[in-house]
Amino acid sequence: MGDSLHDGVLKTLIKLNNTQFKNFSLELEDILKKHGFHQSTDEKLRSLTREYATELLIDHFQDDAISAVTDIILRIEKKQTVASLEEHDKGKLYKEALQKKFAVAEPYNPCLEDQTQYLENEFVDLAICFSEWEKEEFESFLRMKGSLHEEIIANNSRQGSNIRSLFDVDKNGKRPKNIVLEGIAGIGKTYTARHILFQWASGELYQCLFNYVFYIKCSTITSSQANGCLSDLLFDSLDETLQSVKGDFLEEPEKILFILDDFHELSIPDGTSLSKALAPQITLNKVISRQSLPEASLLIMTKPGMQDRLNSVDRCGTILGFSKQGREKYFANFFKASERAEAILKFISSDEDFCTLCFIPLVCLLVCKSLNIESNLIQCLQNTTEILVSFFVNISKNLPDYGQSQRLSILAYEGVKAKKVLFKEDDLKKHSVDAIVVKFLNLVKLKDKDTAKIYYSFPHLIIQEMFAAAFCVGDKGGSGIALLEEFINAKNEYYFFECNMFEMALHNPSAFERMKKIPDQNYLLSTIRFIFGISNPVILEKLKLNPSPQMKKKLQEFSKGAFSRSSNYKLQPFFWKCLHELHEDKFVRSVMCNVDHLSGSDINCTALTYILLHSTKINNLCLKQYNLGYQELKVLQPGMEKISRTLKSLWIISSTFNKDGLKVFLSIVKNLRIEKIILWENHLTDDFVEDLASALSTNISLRIVDLQQNDLSEGCVPALISMMNTCWTLERLCLSTNRLGDSGVKLLCEAMMNPPCKLKMVWLDNNNLTDSCIKDIVRTLNANSHLSVSLGQNSFTDYCTPSFVHLIKNGQLFGWENNNFTEEVVKILQDTRCGKIATDKDLSTSGKPAKCELS
C-alpha cells in the first residue's frame, strides 16, 4: 500500500509543469503552516522537489495524500480563475471609465457654445498622408480650390489613411512603436486622438495589440505643479475605484499605448534632475525618451515640425483634414435632418472658397454653428470672411503677442503680391514671425531637386489671402487702395481691348500685342473680396483694425464703377460677392441706388439675393450658367420678390433646372409683371411650357417670350396657344432651335389665324421644317399682315421659292438663310431682299415650278 500510495502521489506531481508545481508548493506551504509546521522547515519548502513533496504529503495526510493533492490542484485552478476574472473586471472598469469620460468630443474653444459631439456615432475619419510631399505637389495643395483641391487630398490619403491601419506591420514585417501624426491647429488632432482611445475602450480597435491605452494632454501636463510617479500621472484623473489597476498595468509593458496629444505644448524645464518625485513633464519625458517603458508604443499628435524633439520615429503622417466624403458625412451627422444637411452642403458648394476651407474640421464646426442658428441660410451666415475671422480668433486665442497677427499679415501680403505660398526661415525672420507661437503655420520638409528643404506656409492660400487683406485694410500707407487700383485698371484695360477687337484689327493691329502684355490680375480676386469683408465694422472690431477713411470711399467708388453701363460687365458678378462679403446694408444701398441692370454667370445665389434685397430699381436681370435647383431658387426667391415691381426683363441662359427647382421658378415668375422673358438653352420640355403658360396667364405686360435652344416639340404647341390667348400683349415669340416639326408649326399657324393673336414676330429657325408646311405658313401670313416670321436653318427646298419671294416682298420673312436652296435660288432671294424684283422667268429658271399656291 505504501509503495503504491507513494507512486500515485509522485506520478500526479510529475504531471505538473514547473509553473504549476511552483503554485502547488506555495499552496502546500500555506496548508502545512496552518497545521503546525515549524519555521525550520520553511527553507526546505522553498527548495521543494517533487520527491520531497510526496514524502511530506504522505507523512501529513497518510492514506488521504492523493485526495489532498487533488484538492490542492483544484484550489489552485480556482484561484487562477478568480484572479483572471478580477483582472478582467479591472480592465473592464478601466475601459468603462474611459468610455464615460471620452464619449463626448472635447470642445475646441469653451467660448463656442453647445459643441457636444458624441464620438461613438459621429466621428468622421480624417484623410492622412504618410508619403513625403514633392514641392510642386504641396504648392498645388495650398493653391487649388474646389474639386481640384479635393482630388489632391484623395490622391495623397489613399495609402494608410485609416486609423485602423496605423500600427500595421511595414513591408519588412516590423510593427511601428513610435508614430507621429502632424497637423495644423484645428485640423482634428485631438478629435482623432480621443476617438482612438474611445474606440479601444469600446472594444472596437487595437484589442489584440494593447491591454492599456492612455491619453495624455501635454498642455495640461505642462501647466501642472504636482509631482508624482508615472502611475499617478496616468490614473489620478480617473475614478478612485480604478486605483487597483495601478499595480497591474506594467506587467506587460509591450502592450501599452500612450497617446500624447498637443505634444508641441510639452515643456521640459531645463536643469531638472531626474529624482524620484518628478514633475509630471519630466516623468512623461522619460517615457518619450525611452528611459522608462521602452517596450511601450507611442502615438504622438503634434503641430508640424516637432520630429526633432523625438529620438526616433517609425511612421509619420500628416493629417490633411476632411475628404469630400468626410465633409459630407460630418454635415449629415451634425444636422440630423437629412434635407437640411443636403441643403447646407449645396449652399456651401456654391462658393468655391467656402467649400475648399471646409477641409479643416474647425471651419466645418464654425460653419455648422452659424448655420444652426436659424432656418434662413441668408440670415445665418453672412460671408466667408466671417467664418475665416472666427477661425483665426479661435486658433489664436492663446497668442501671447498680438503683434504676431500683424506681422503675419505683412508676410501674407508680400506672398500674395509675389504669388508665393511657401516661405523660408529667412522670410519669417524678416517679419519677426515666430512659427512656434503661431500654431496654424505649416512646417514641412519638401523634396526640391532631390534635396529636402524646410518651408512654412499658411494652411491654405485662402487663409493667406485673408491675412493679406487684413494688412491692406489696416495699412495707413495705402497698400490696399493701390492693390484695388492695380486690379481694376488692368481689368478695364483688357476689357477695352476686348470690346474693340474688330476696330483694332482694322486700324491698330499692334494693339493686340499690347493686350497680351496686360497682367492677369485674377490671382487678386479673393484678396480683394476679403478687403471688402474685413471692412465690415464688426469684423474690424474683432481684428482690432483701424482703417484709413479713404479706404471706404475707394471701395464705394470702385463698386459704383463696376455697375456702370460703360464698365467691364464681367466684373459685375465679382462685385456682387464683394458687397455680400462687406455685408454693410447702408453701404450696399448707396452703391445700388441707381443700378438698373444686373448680369452675371455662375454666381452664388446668396450673394445675388443680398444685392437684390438692397436694390431699388432693377429692371433687367440676366443670369447665365446657373444651377437652379430647389435650394438655389429658394435662396433667390426673396430677392426676386423684392424687385418684382421694377423688373421688366428676365434672362435665364444656359442654366440647369431640376423638377423641384422649376416649381419654385414658376412661382417666382407668376408674381412678376415682366415685359420680356428669355429662356435660352435650358433643356426645357413641353411640360414646362404648359406650366409657364399657366404662370404667365395673368400677366398684362408681357411682350416677348423667347424659348430658343430647348427641347420643345409638337407637344408644347397647345400651351403656346393658351399663352397667346391669355397674354394679349404678346408680340414676339421665339422658338428657334427646337423640334416642333411640320405638324407642330401647322397647329401653331392655325392658332395664329385667330383674332386674339397679336403676335408680330415669330422665330421658327432650326425646327426640322420642310416644304410640307409652307402652305400653312403662307396662308397664316396672308391673313395677318402685321405678322412676320424667320425660317432659317430648316430643310426648305427650291420648291418654296415663290412662297419665300412673296413673303420677302411683303416684308414678312426676315430670316431664310441656311436652307436646302440651290445657289440660283439663294441669289434670287438675296436680290429680292435688296429690292430687285424677281420675275416669273427668274423663278422658272430656278429649276422649280414658277408658281406656288399662296392662299
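This talk goes through the salt bridges of the structure above, then a patch of charge and two loop residues. Please keep in mind throughout that the model is a predicted one.

Let me begin with the salt bridges, of which a search of the whole structure finds 20. In helix α7, which spans residues 135-143, the side chains of Lys135 and Glu139 form one such bridge, with an N to O distance of 3.8 Å. These two residues are four apart in that helix, about one turn, and Lys135 counts as buried, because its relative accessibility of 17% falls under the 20% limit.

A similar arrangement appears in helix α27, residues 549-562, where Lys554 and Glu557 sit three residues apart, again about one turn of the helix. Their side chains meet in a salt bridge at 3.7 Å, N to O. As for exposure, Lys554 is buried at a relative accessible area of 19%, whereas Glu557 is partly exposed at 46%.

There is also a network to mention at this point, since salt bridges with shared partners join Lys145, Asp353, Glu465, Arg529 and Glu581. Within it, which residue does the side chain of Lys145 meet in a salt bridge at 3.9 Å? The partner is Glu465, and this pair links distant parts of the chain, with Lys145 in the loop between α7 and α8 (146-156) and Glu465 in helix α21 (residues 461-474), 320 residues apart. Both ends are buried, Lys145 with a relative accessibility of 17% and Glu465 with a relative accessible area of 3%.

Turning to the surface, Glu132, Glu134, Glu136 and Glu137 gather there in a patch of negative charge. One of them, Glu132, belongs to the loop between β1 (127-129) and α7, and with a relative accessible area of 42% it is classed as partly exposed.

Finally, I would like to look at two loop residues. Asn699, in the loop between α33 (686-695) and β15 (704-706), is buried, with a relative accessible area of 3%, and a polar atom of its side chain lies 3.5 Å from the backbone oxygen of Leu672. Cys773 is placed in the loop between β17 (761-763) and α36 (774-783). Is Cys773 buried or exposed? It counts as buried, at 0% relative accessibility, and its C-alpha atom is 7.2 Å from that of Val745, a residue 28 positions away along the chain.

How values were computed. Residues numbered from 1 in each chain as written. Predicted model: local features only at pLDDT ≥ 70, side-chain atom pairs only at ≥ 80, totals over all residues. Heavy atoms only, no water. Patch = residues over 30% accessible without salt bridge, like charges linked within 9 Å, V, L, I, M, F, W, Y side chains within 5 Å. Areas by Shrake-Rupley, 256 points an atom, 1.4 Å probe, with all protein chains shown as cover. Salt bridge = Lys/Arg side-chain N within 4 Å of Asp/Glu carboxyl O. Lys, Arg positive; Asp, Glu negative; His and termini not counted. Charge placed at Lys NZ, Arg CZ, Asp CG, Glu CD. Buried < 20%, exposed > 50% of the residue type's maximum accessible area, 1.4 Å probe, protein only. Polar contact = N/O pair within 3.5 Å; in protein donor to acceptor, adjacent residues only side chain to side chain.
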